Amino acid sequence: MPANLPPQYFEVEKKYREAKTLQEKLFYLQELLAVIPKHKGTEKLQAELKAKISKTKELMEKSKKSTGSTAWYQVERQGAGQVVLVGLPNCGKSSLLNILTRTNVEVAPYPFTTTSFQVGMMEYEDIKIQIVDTPPVSEGAPAWLYAAFRFADLLLILLDASSDNLLEQMEIIKKELDSRNIFIEREKPEFRNNLILLNKMDINKSEENSEIFLEFYEGKFNVLKISTKTGLNIETLKQKIFENLNIIRVYTKKIGQPVERKDPIVLKIGATVIEAAEHIHKDFKKNLKYTRLWNARGYNGQRVEKNYILQDGDIVEFHV
Ligand SMILES: Nc1nc2c(ncn2[C@@H]2O[C@H](COP(=O)(O)OP(=O)(O)O)[C@@H](O)[C@H]2O)c(=O)[nH]1
Ligand SMILES: [Mg+2]
């Protein structure tokens with residue numbers, strides 16, 4: 001028995017043992033990994049949990065092929081990335097979802113009706129990014145809310161800057177997330193990609209409040225002042241969302257045809273030619289003979305190696 005496991009661990013473990021479906025099992029395994037204290041004494045247990053998580057995911061992948069379903073607590077990932085809103089009641093989360101996804105509102109109820117996730121797609125240039133509105137963070141918030149934060153590619157932490165308790169809002173959110181091992185400060189290990197948004201900047205009081213806030217937190221966080229009411233900095237926010245997803249867009253060109261900048265493949269920053277090829281077709285990995293590249297950095301159809309690191313906007317032509 002490993003030393004010093006908190007009571008919370010055993011509570012979750014009990015639920016894990018009682019879980020009936022693979023999805024539930026996976027959910028509780030991830031919870032166990034989240035609540036387990038991270039130190040030498042628990043390393044072996046952490047490794048075991050990670051192994052069980054991969055095994056369960058594998059089994060789920062297999063069963064997914066037959067059922068086509070997504071985990072009950074998860075919002076199915078769509079588009080180029082999943083961005084999840086975080087905040088206390090009334091900070092403007094739903095308003096933000098609406099303004100970001102206005103052109104393509106597709107708000108869908110998820111299993112936890114009324115207090116559930118709301119999803120929309122945000123158009124950014126030639127890609128779509130998924131935005132997920134969530135129930136408010138609170139002490140009694142359900143575990144699946146925190147699971148959604150863990151699965152996110154980016155968290156948008158929204159605060160009501162017009163309220164005199166602006167600093168307190170941040171403290172509450174930090175404390176609740178910390179208690180679930182979701183770290184948002186840059187210097188913390190395994191910190192979650194996030195942006196802090198000071199909303200309601202159209203209200204007089206907000207400027208003064210946010211000055212104090214910035215004195216406290218500037219440097220520790222990426223902070224942006226917005227207003228969902230007037231649209232202040234919403235275009236900047238869209239761009240920052242894209243930048244913070246750490247993704248690139250790569251365009252494929254058919255041999256002998258002109259370059260067409262549409263329907264990009266979305267890859268992680270640092271992705272190589274061979275990874276882009278694999279994205280198109282599994283067989284490309286072994287059959288790829290060579291690749292030609294076009295970009296704004298001087299390539300105009302020259303051949304590049306398989307391990308060439310691609311950048312946003314690159315155009316590739318695969319020869320197999
Ligand atoms: N003045 C002002 N009011 C806002 C802004 N954003 C949201 N609100 C208002 O704040 C209230 C709560 O907004 P809502 O989006 O429902 O917040 P949620 O509970 O976090 O989803 C509503 O009355 C909104 O009209 C803003 O930028 N400026
Ligand atoms: Mg709301």
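This report walks through a predicted model, from its ligand site to its two open sheets.

## Ground rules

Residues are numbered from 1 along each chain as its sequence is written, and chains are lettered from A and ligands numbered from 1 in the order in which they are written. As this is a predicted model, local features need pLDDT of at least 70 and side-chain atom pairs count only at pLDDT 80 or more, while totals for chains, interfaces and linings use all residues; side-chain values use heavy atoms, with hydrogens and water left out.

## The ligand site

Let's start with ligand 1, which has 15 residues around it (a residue belongs here if one of its heavy atoms lies within 4 Å of the ligand). The closest are Asn-90, Lys-93, Ser-95, Asp-202 and Thr-228. By type, the shell holds four nonpolar, seven polar and four charged residues; here Ala, Val, Leu, Ile, Met, Phe, Trp, Tyr, Cys and Pro count as nonpolar, Asp, Glu, Lys and Arg as charged, and the others, Gly among them, as polar. Helix α4 (residues 93-100) gives the most to this shell, with three residues. Helices (H or I, at least four residues) and strands (E, at least two) are DSSP runs, numbered from the N terminus.

Some polar contacts to the ligand can be listed, a polar contact being a pair of N or O atoms within 3.5 Å. Asp-202 places a polar side-chain atom 2.7 Å from a nitrogen atom of ligand 1. For Thr-228, an N or O atom in the side chain is 2.7 Å from a nitrogen atom of the ligand. Cys-91 takes part through its backbone, with an N or O atom 3.3 Å from an oxygen atom of ligand 1. Taken alone, ligand 1 exposes 580 Å², and the protein buries 70% of that (areas come from the Shrake-Rupley method with a 1.4 Å probe).

## The six-stranded sheet

Six strands form an open sheet in the order β2-β3-β1-β4-β5-β6, with mixed pairing; two strands pair if DSSP finds at least two bridges between them. At the edges are β2 (118-124) and β6 (223-225), each pairing on one side only. From one strand to the next, the twist averages 25°. Strands β1 (residues 82-87) and β3 (residues 127-133) run parallel and are joined by three bridges, and Val-84 has Val-132 in β3 as its bridge partner.

Two helices lie across these strands, where contact means heavy atoms within 4.5 Å. Helix α5 (residues 143-151) lies across β1 and β4 (154-160), at about 135° to β1. Helix α7 (residues 205-217) crosses β4, β5 (194-199) and β6, running at about 170° to β6. Axes are lines fitted to C-alpha atoms, for helices over the stretch in contact, and angles run from 0 to 180 degrees between N-to-C directions.

## The five-stranded sheet

The other open sheet has five strands in the order β8-β7-β11-β9-β10, again with mixed pairing. Its edge strands are β8 (265-268) and β10, each pairing on one side only. Neighbouring strands are turned by 35° against each other on average, direction ignored.

Strand β9 (residues 290-294) is joined to β11 (residues 315-319) by five antiparallel bridges, with Arg-292 partnered by Glu-317. On β10 (residues 300-304), β9 has four bridges, also antiparallel, and Leu-293 pairs with Gln-302. β9 and β10 form a hairpin with five residues between them, and Gly-298 in the turn has a positive phi of about 105°. Strand β7 (residues 247-252) runs parallel to β11, with two bridges. Helix α9 (residues 273-280) lies across β7, β8, β9, β10 and β11, at about 135° to β8.

Key
Polar contact = N/O pair within 3.5 Å; in protein donor to acceptor, adjacent residues only side chain to side chain.
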